[in-house]
Every structure is written in structure tokens, then in C-alpha cells.
Amino acid sequence: MIADGMAVFSRDVTKVFGHGDTQVHALRGIDLDIRLGELTMLVGPSGSGKTTLLSVITGLLDATSGELVVLGQRPAMLSGEDLILFRRKNLGFVFQQYNLIPALTAAENVAVPLLAGGVKRQQAVARGKELLATLSMAHRAHALPSELSGGEQQRVALARALIHEPKLIVCDEPTSALDGRTGHAVMELLSATAVRPDRALIIVTHDARIFDFADRIAHMDDGRIVHLEENRKNVVPANRLIPAPATLLSAESSSSSFGMIGG
Amino acid sequence: MNFVALKMLVADRAKYFGLIFAIAFASFLLANQIGIFIGIMTRPASQILDVVDADIWVMDPQTLYDGEVYALRDYDLYRVRSVSGVEWAVPLYKGTGRAKAPDGKFRTVILMGVDDASLVGAPRKMLVGSIYDLLQPDAAIIDKAGYRYFFPGEPLQVGKTLQMNERRVLIVGISDASAPFQSFPVLHTRYSQALGFVGRERNLLSFVLAKPAPGVPVEDVCHRIEAATGLRARTSKEFSWDAFRFYLRNTGIPVNFGITVMVALIVGTVVAGQTFYIFTIENLKQFGALKAIGVTNRRIIGMILLQAMVVGGTGYAFGMGMAAAFFSSFLNYGPTRGIVLPWQVMAGIAGVVLFVVGVASLMSIRRVLVLEPAVVFRG
């Protein structure tokens with residue numbers, strides 16, 4: 001099916017905050033396709049709409065208009081609870097300020113998505129420790145976030161984003177708080193662990209030092225994608241945007257609780 | 001996610017203990033003040049409730065409570081006895097006199113003169129001696145608190161003497177009489193002897209104590225006495241409530257205690273509620289991250305309620321522990337003897353704590369529910 005290999009499909013997506021004279025057009029007709037297996041970066045100056053686009057893609061904000069399909073789902077069509085379950089199952093987050101829970105150890109922080117999914121504490125924390133070990137963090141599994149360096153916190157946040165095997169990982173300024181060398185190491189780790197053929201990675205960043213890790217870069221300004229650099233690492237064929245939504249959604253399955261797109 | 005909620009709660013020790021202490025001290029203050037209030041407001045009825053032999057108190061129509069009595073005429077006793085449905089009626093004197101110890105220490109005492117023949121009205125909780133020793137000349141029974149006042153540091157024993165109205169008072173027994181409102185010592189003696197102890201009064205008959213005949217409702221007998229004699233007749237329970245109400249209406253006690261209870265309630269609610277609310281607000285970004293990651297609102301509500309219940313339960317337990325320690329320490333201390341912490345008060349305070357943490361939780365939950373999870377992407 002056409003949805004195969006497609007993580008995000010966006011056509012003319014807009015987002016408007018406020019009403020009347022106080023209206024702010026944060027997104028002005030975003031057309032963007034993100035394929036599984038790709039590392040896509042959203043770059044641009046502050047206020048260009050990068051974070052809003054990320055919030056809309058992840059269902060944290062509703063789009064005002066346009067067509068948005070994420071992993072075969074239309075977030076706008078999902079009820080609140082279904083949207084939360086969709087995020088829990090399919091999305092991994094790496095926040096700019098990591099947002100680790102200060103009271104939990106590194107391993108417990110990593111385990112949070114599994115705990116949210118109902119996995120028993122011992123099992124979830126054990127899995128968290130395993131994952132930290134693969135990120136060379138086994139010796140810090142019992143440390144609190146306050147005892148970790150910025151790079152270590154970033155790795156814990158990455159492990160938390162990966163633990164439940166999501167199909168789409170979104171990272172907000174993952175290297176902004178890190179020095180160049182640590183930032184580079186984090187990006188190498190991200191590329192090595194997060195990018196897989198069945199997973200897409202979206203990174204919002206200002207940090208030009210990490211652009212070389214991207215397969216595609218969407219340059220944004222004033223709520224628009226003003227330039228799309230494709231095929232930077234030759235991972236994605238250099239074709240244009242994929243077909244229109246009607247074609248894309250033609251095989252929508254009625255059996256899925258989320259209205260999954262067939263394929 | 002429960003352990004996540006608990007770890008978040010106890011992570012900031014200062015706030016956690018602040019919450020616990022706020023609720024603990026509010027609970028303690030509420031229990032303490034209500035307990036003392038109940039203890040004090042029970043005191044006006046002490047001498048009424050201590051008389052367990054009679055069910056009916058007959059008095060002058062103008063007598064409102066047992067603290068201020070307009071004496072009856074002696075023949076009123078016979079008029080009461082003549083009412084149908086009255087099985088028996090006996091005289092009772094209640095007044096005050098001045099007692100003096102051999103070392104010159106003196107104090108106003110409450111003097112109860114009980115029926116010479118039946119000893120109805122004599123104390124039933126005796127620590128030393130027997131009520132039948134009242135039949136001896138000059139005999140009186142003193143309560144434990146009074147004995148401690150007149151003979152401090154001495155073991156409880158009979159044979160001591162006091163002086164009232166230039167007459168010898170021989171202590172033949174020590175009772176555990178309930179504490180009177182004014183904390184005066186309580187002396188029981190025979191009715192005929194009370195006259196000598198208090199000096200010349202024209203009329204000595206304070207009350208007539210009566211018992212209804214078997215099978216006749218006590219209220220009916222009261223009505224019959226009132227109809228036949230024009231006197232006021234009250235059941236023991238009614239009369240004790242009369243005394244309670246009199247003090248409630250005519251003293252500043254309820255207002256003062258009420259203010260303290262309200263202050264404890266408001267301070268407890270505001271401090272505990274606000275601290276808990278601030279605690280949630282400070283964790284808002286973490287809750288936002290949890291929402292973004294996929295923790296449902298229902299689960300987050302559960303986490304907040306769990307935190308509130310733990311704080312409320314622990315604070316309440318500490319508060320009741322402190323209250324129990326206070327009450328057990330001061331239960332037998334003279335001025336505060338008789339204070340009680342009824343289970344109803346404890347249950348009520350538990351309800352108040354539940355209300356406080358409930359309101360704080362609702363405020364916190366509201367903030368978390370309206371929280372846009374996209375907040376996690378803001379720097």
C-alpha cells in the first residue's frame with residue numbers, strides 16, 4: 001500500500017493560535033512527507049514554527065486545517081484517550097530539557113513509557129537497565145538525574161524514547177545544551193540506535209553542527225517550509241512529495257480501533 | 001505508576017514534611033480544641049450526671065441550671081411525693097461553702113447534701129472509703145482533686161479533717177467525682193449536716209430528686225409533677241442539656257473555641273492546600289512530559305489523589321498521635337481532668353482532612369488536566 005514506508009504525510013497543514021486581532025499563524029500550509037528509515041531535521045529561526053509542527057505531528061496540538069496522517073493515523077480523528085494510547089504506543093520523545101523525573105533513577109526514568117503501558121515495575125526497570133547498558137550507561141542506572149551530566153541525561157532521555165520500540169521518534173533540540181563533542185556523540189548514538197528501516201526520526205534543531213546527520217532537512221520560516229534539502233545521505237530517493245491524500249487513504253481499514261490505513 | 005507518584009511526592013523532603021506537619025498540626029489543634037471544648041462543656045452537667053439513682057430533678061420554676069439555684073420550701077418535697085407515678089422523692093442540697101484545711105489553706109467548695117436515709121445522690125465512684133461512712137457524725141466525702149488541693153503530696157486516706165463554718169468536717173471517703181465547671185473541690189455530706197457546714201440559710205432544699213414508678217415513663221411523671229406542683233421537673237438528661245445550653249449561651253467559651261477551631265481549619269486548609277497545590281504546580285512540566293509520553297489523564301488523577309491521600313493520611317495519623325499523647329497526659333491533670341477525645345471527633349477530623357486534601361487535589365488536578373502537553377516542547 002502507499003502508506004508503506006510513510007511515517008508522516010502532511011498537506012496544507014495550518015495552525016492558528018488566538019482569535020481576531022490576536023491571531024498568530026504558526027503554520028501556514030505545511031506540505032511534508034517523512035518516510036520510515038529517515039532522519040529528518042526541522043531547522044529555522046526561533047518562531048519559524050518548528051516546535052509547533054512537531055507538536056502537531058505528535059498530536060500534542062491539533063492542526064487548524066489541512067491533512068495530516070501519522071503512521072497511518074489521522075490524529076485529528078482520534079479521541080483524547082485514543083490519541084494518548086497512540087502516542088504511548090508509537091511515539092518516542094526526547095525533550096530539549098530532557099524532562100526526566102528528578103525523583104526517579106536513570107533506569108526508572110527509562111522505564112516510564114513501559115510503566116504507563118501497564119508493565120510491572122520490576123520488569124520495566126530491568127528492561128530500562130538493559131537499554132541503558134546498550135548505551136554504555138549501565139554503571140549510572142541507579143543515579144538520579146541531578147547526578148548525571150548533560151550528555152548522560154540526554155542518553156537516559158534517548159533510552160526512554162526507545163524503550164517501547166516506537167515507530168516515530170521526535171527530538172526537540174537534542175544537542176542545544178551540549179558542547180560540540182558531546183552533541184556529536186549524542187547524534188552518533190541517535191543515528192546508530194534510533195534510525196532503523198521501520199522507524200522515522202524527526203529532530204528540531206538550530207545546531208548546524210549536526211546537519212550532516214540528516215537525510216532530509218526542512219528549512220522553516222514564518223510557518224512555512226521554505227526549502228527542503230533531500231537525499232543528503234542518499235537514503236531516500238530524490239523524488240518529490242508523495243501522492244495526494246485520497247490515493248494515500250484509499251485502503252483505510254475499518255477493523256482497526258484507530259482507523260489504521262491499510263498496508 | 002503509583003511508585004512514580006510516591007517518589008515524586010517524597011523527593012522534595014522539605015515540602016513533603018511541610019505538608020505532613022501542616023496537616024498533623026491542624027488535626028492536632030482541631031482534636032485538642034474540640035476535645036477540651038467538649039470536656040469543659042460537659043462539666044456544667046457533671047454533678048447532674050453523677051447522680052445515677054434518680055431520674056427526675058424537681059426545682060423552682062426560675063432555676064435554669066444547677067449552678068444557680070433558688071431554694072424550694074421544705075414541704076415541696078412532700079408535694080412531689082404525693083404525685084401519682086412518683087415512686088420516691090428525696091431532698092438534695094447543692095450549694096457552695098468555704099472549706100479550710102488545718103494549715104490554713106482554704107477554698108470554695110461545692111457541697112452536695114444527700115438524703116440522710118437513702119443516701120441518694122451520694123457519689124458512686126469511690127476511690128477510698130464507702131458512702132455509708134457518711135452516716136458518721138461530721139462526715140463528708142471529698143473528690144480526689146479536692147483532696148490533692150487540700151493535702152498535696154499526701155496519700156489518699158480517710159481521717160483527715162477540714163473546717164467549714166467553724167465546724168469540723170471529717171473526711172470519710174474520697175470519690176472520683178466528675179470535674180465541676182469551676183474546678184472547685186466537691187464535698188458530699190448528709191442533707192441534715194449540710195446546714196451546719198454552710199451556715200444559716202432560710203431554705204436548704206435545692207432540688208427534689210425523684211424516681212418514677214415502674215412502668216411509668218419518666219417524661220410523663222415530669223409533666224404530672226409540673227402540673228400538680230407548679231414546680232419545674234426535668235429528666236436527668238434534659239437537665240444536663242439545660243446546664244450545657246446555659247453555659248453555651250451565657251459564656252464566651254463556644255465563641256473562643258469556635259474561633260480557635262476555625263483558625264485551625266483555615267490555617268490547615270490554606271497551608272496544606274496551598275503547599276500541595278504548589279507542589280503540583282512545580283511538577284507541572286513533569287506531568288506534561290508524562291502526558292506527552294502517553295500517561296492517561298485518569299492515571300495522572302490517580303497519581304495526584306494517591307499523593308494527597310498519603311499526605312493526608314500520614315498527617316492525620318501524626319496529628320491524632322499527638323492528640324492521643326496530649327489527652328493521655330492531661331486526662332488526670334487537675335485543671336484539665338475529664339477532657340475527652342471521642343471517636344466521633346476523630347472521625348470528623350478525618351473528614352475535614354479528607355476535605356482539605358480533596359480540595360487541594362481538585363485544584364491540582366484541574367491544573368494538570370488543562371495542561372497542554374505541548375508545554376514540554378517549550379524551553
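Modeller: In this predicted model, helix α10 (residues 284-293) of chain B and helix α12 (residues 343-369) of chain B have axes that come within 10 Å and cross at roughly 55 degrees.

Biologist: Why is α10(B) called oblique to α12(B)?

Modeller: Angles under 35 degrees count as roughly parallel, and those from 65 to 115 as roughly perpendicular, whereas the angle here is roughly 55 degrees. That value belongs to neither group, so α10(B) is oblique to α12(B). The crossing of these two helices is right-handed.

Biologist: What makes the contact of α10(B) with α12(B)?

Modeller: Contact asks for heavy atoms within 4.5 Å, and the residues that make it are Leu284(B), Phe287(B) and Lys291(B) on α10(B), with Arg367(B), Val368(B) and Leu369(B) on α12(B). Sorted by kind, these residues are four nonpolar, no polar and two charged. Lys and Arg are counted as charged, and the contact includes Lys291(B) and Arg367(B).

Biologist: Turning to chain A, why are α3(A) and α4(A) called oblique to each other?

Modeller: Helix α3 (residues 106-116) of chain A packs against helix α4 (residues 121-134) of chain A at about 120 degrees, and their axes are 7 Å apart. The roughly perpendicular range ends at 115 and the roughly antiparallel one needs an angle over 145; a value of about 120 degrees falls in neither, and the two helices are therefore oblique to each other. α3(A) passes α4(A) in a right-handed crossing.

Biologist: Which residues divide into ten nonpolar, one polar and four charged?

Modeller: Those are the residues of the contact of α3(A) with α4(A), among them Val110(A), Leu114(A) and Leu115(A) from α3(A), and Val125(A), Leu131(A) and Leu132(A) from α4(A). Gly is counted as polar, and Gly128(A) of α4(A) takes part in this contact.

Biologist: How do you know that α2(B) and α12(B) are in contact?

Modeller: The test is again heavy atoms within 4.5 Å. The axes of α2(B) and α12(B) come within 10 Å and cross at roughly 145 degrees, in a right-handed crossing. The contact is made by residues that include Ile23(B), Leu30(B) and Ile34(B) of α2(B) and Ile349(B), Val352(B) and Val353(B) of α12(B). The residues of this contact comprise ten nonpolar, one polar and no charged.

Biologist: What makes a space a cavity, and how many cavities are there of 30 Å³ or more?

Modeller: A cavity is a place where a 1.4 Å probe fits but cannot get out, and by this rule there are four of 30 Å³ or more. The largest cavity holds about 70 Å³. Its lining includes Ile23(B), Leu30(B), Val352(B) and Val353(B), and it draws two or more residues from each of α2, α9 (253-282) and α12 of chain B. The most, five residues, come from α9(B). The lining residues divide into nine nonpolar, three polar and no charged.

Biologist: What does Thr275(B), which is in helix α9 of chain B, touch beyond four places away in sequence?

Modeller: Under the contact limit of 4.5 Å, Thr275(B) touches Lys15(B), Leu19(B) and Val270(B). The C-alpha atoms of Thr275(B) and Tyr16(B) are 9.0 Å from each other, although 259 residues separate the two along the chain.

Biologist: What volume does the largest pocket have, and which residues are closest to its centre?

Modeller: A pocket, unlike a cavity, is an open set of points, and the largest pocket has a volume of about 500 Å³. Of the 20 residues that line it, Asp176(B), Ala177(B), Ala179(B), Arg337(B) and Gly338(B) are closest to its centre. α5(B) supplies three residues, the largest share of the lining. The lining of this pocket is made up of six nonpolar, seven polar and seven charged residues.

Definitions and conventions. Residues numbered from 1 in each chain as written. Chains lettered and ligands numbered in written order. Predicted model: local features only at pLDDT ≥ 70, side-chain atom pairs only at ≥ 80, totals over all residues. Heavy atoms only, no water. 1 Å grid on protein atoms, 1.4 Å probe; cavity = no way out; pocket = protein on both sides within 12 Å on 5 of 7 lines; lining within 4 Å. Points joined across faces, edges and corners; volume = space filled by probe spheres on them. Helix = DSSP H or I, 4+ residues; strand = E, 2+ residues; numbered from the N terminus. Axes fitted to C-alpha atoms, helices over the stretch in contact; angles between N-to-C directions. Left-handed = near helix turned anticlockwise from the far one by under 90°.
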